[in-house]
Amino acid sequence: ACFDTNPGGTTDNLFALSLSAQGVFCLEGMMHFAVKTLYDQTALTAMAHALRKTLRRRRTIAVHVLAWFVIFLEVICLLLIVGTDSLTFGFRELLSLLVAVLVFAVVIREDAINGWLAGRRMLSAVRESETVFDDTGYTTMIQGAQTRWAYGRIQKVCETADFFVCFLGKKHGQIFAKSGFTQGTPEEFRTFIAEKTGKPVQYIK
């Protein structure tokens, strides 16, 4: 387990000072990486995108096929109406057009919408996380509360242009900003997390 011998210190001190000055000691092994992440709209959108491309890939394909089929039917109906009588464009036709536009917008902005919904369920006080990685696991600190995780719980590791994402399931993900590394580098972390989890890091465009 990890013990904080300096509970009165600020979270900034934890990452600004050296390990010995931080007052955080992991009995399982030495700290190799430290990263701070803000769970803002950008981060949550990236996580939703990675989840859609990996663990929820099959579900996403099915939903997209259905969505495009609905759009296709609505467009065909509108074309038939316009082709038959260009003056006939009432409430029903307007509703069909709105449905097609709405479904199209949801498909195009799906990741941003899912990220926004995830953010709505989060308290503003728990949007900032600080994580340290050592030999046997990693510890996440949010508002002074620490949670210890084993690498074996990670089911999928993804990488985007700005983040690393670890999924512990289809409904539980953790994201780490590349710009937030205060110890170690993203390049070193990529190799480290692949070795510790035994899973390749999948790059998501």
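**Surface, sheet and salt bridges of a predicted model**

User: What is the relative accessible area of F69?
Analyst: F69 is partly exposed (buried is under 20% relative accessible area, exposed over 50%, partly exposed in between; 1.4 Å probe, protein chains only). The model is predicted, with pLDDT of at least 70 needed for local features and 80 or more for side-chain atom pairs, while totals for chains, interfaces and linings use all residues. Residues are numbered from 1 along each chain as its sequence is written, and side-chain values use heavy atoms, leaving out hydrogens and water. For F69 the relative accessible area is 46%.

User: What is the area of the nonpolar surface patch that includes F69 and F72?
Analyst: F69 belongs to helix α4, residues 57–84 (DSSP runs numbered from the N terminus: helices are H or I of at least four residues, strands E of at least two). The patch is made by L66, F69, F72, L73, V75, I76, L79 and L80 (residues with over 30% relative accessible area and no salt bridge; nonpolar side chains joined within 5 Å, like charges within 9 Å). By the Shrake-Rupley method with a 1.4 Å probe, its area is about 780 Å².

User: What is the strand order of the open sheet of five strands?
Analyst: Its strands pair in the antiparallel sense (a pair needs at least two DSSP bridges). β6 (145–150) and β10 (181–183) each have a single partner strand, so one side of each lacks a neighbour in the sheet. Neighbouring strands are turned by 20° against each other on average, direction ignored (axes fitted to C-alpha atoms; angles between N-to-C directions run from 0 to 180 degrees). The order is β6-β5-β4-β3-β10.

User: Which residue of β4 is the bridge partner of A34?
Analyst: β3, residues 33–38, is joined to β10 by two bridges, and F181 in β10 is the partner of V35. With β4, residues 128–133, β3 forms six bridges, again antiparallel. The β4 partner of A34 is V132.

User: How many of the 13 residues of α3 are buried?
Analyst: Helix α3 covers residues 41–53 and spans 18 Å from first to last C-alpha, close to the 18 Å expected at 1.5 Å a residue (1.5 Å times one less than the number of residues). Its buried residues include A43, L44, H49 and R52. The helix is largely enclosed by the rest of the structure because the buried count is ten.

User: Which helix holds E110, the partner of R52 across distant parts of the chain?
Analyst: The side chains of R52 and E110 form a salt bridge of 3.9 Å, N to O (a Lys or Arg side-chain nitrogen within 4 Å of an Asp or Glu carboxyl oxygen). R52 lies in helix α3, 58 residues from its partner, and both residues are buried. E110 is in α6, residues 110–120.

User: Is D134 buried or exposed?
Analyst: D134 and R148 meet in a salt bridge of 2.8 Å, N to O. D134 sits in the loop between β4 and β5 (137–142) and R148 in β6, so parts 14 residues apart in sequence are tied together. R148, at 28% relative accessibility, is partly exposed. D134, at 1%, is buried.

User: Which residues are joined into one network by salt bridges that share partners?
Analyst: The structure holds six salt bridges. In one of them, E159 and K178 meet at 2.6 Å, N to O; E159 is in β7 (156–159) and K178 in the loop between β9 (172–177) and β10, 19 residues apart, and both are buried. The network joins R52, E110 and D111.
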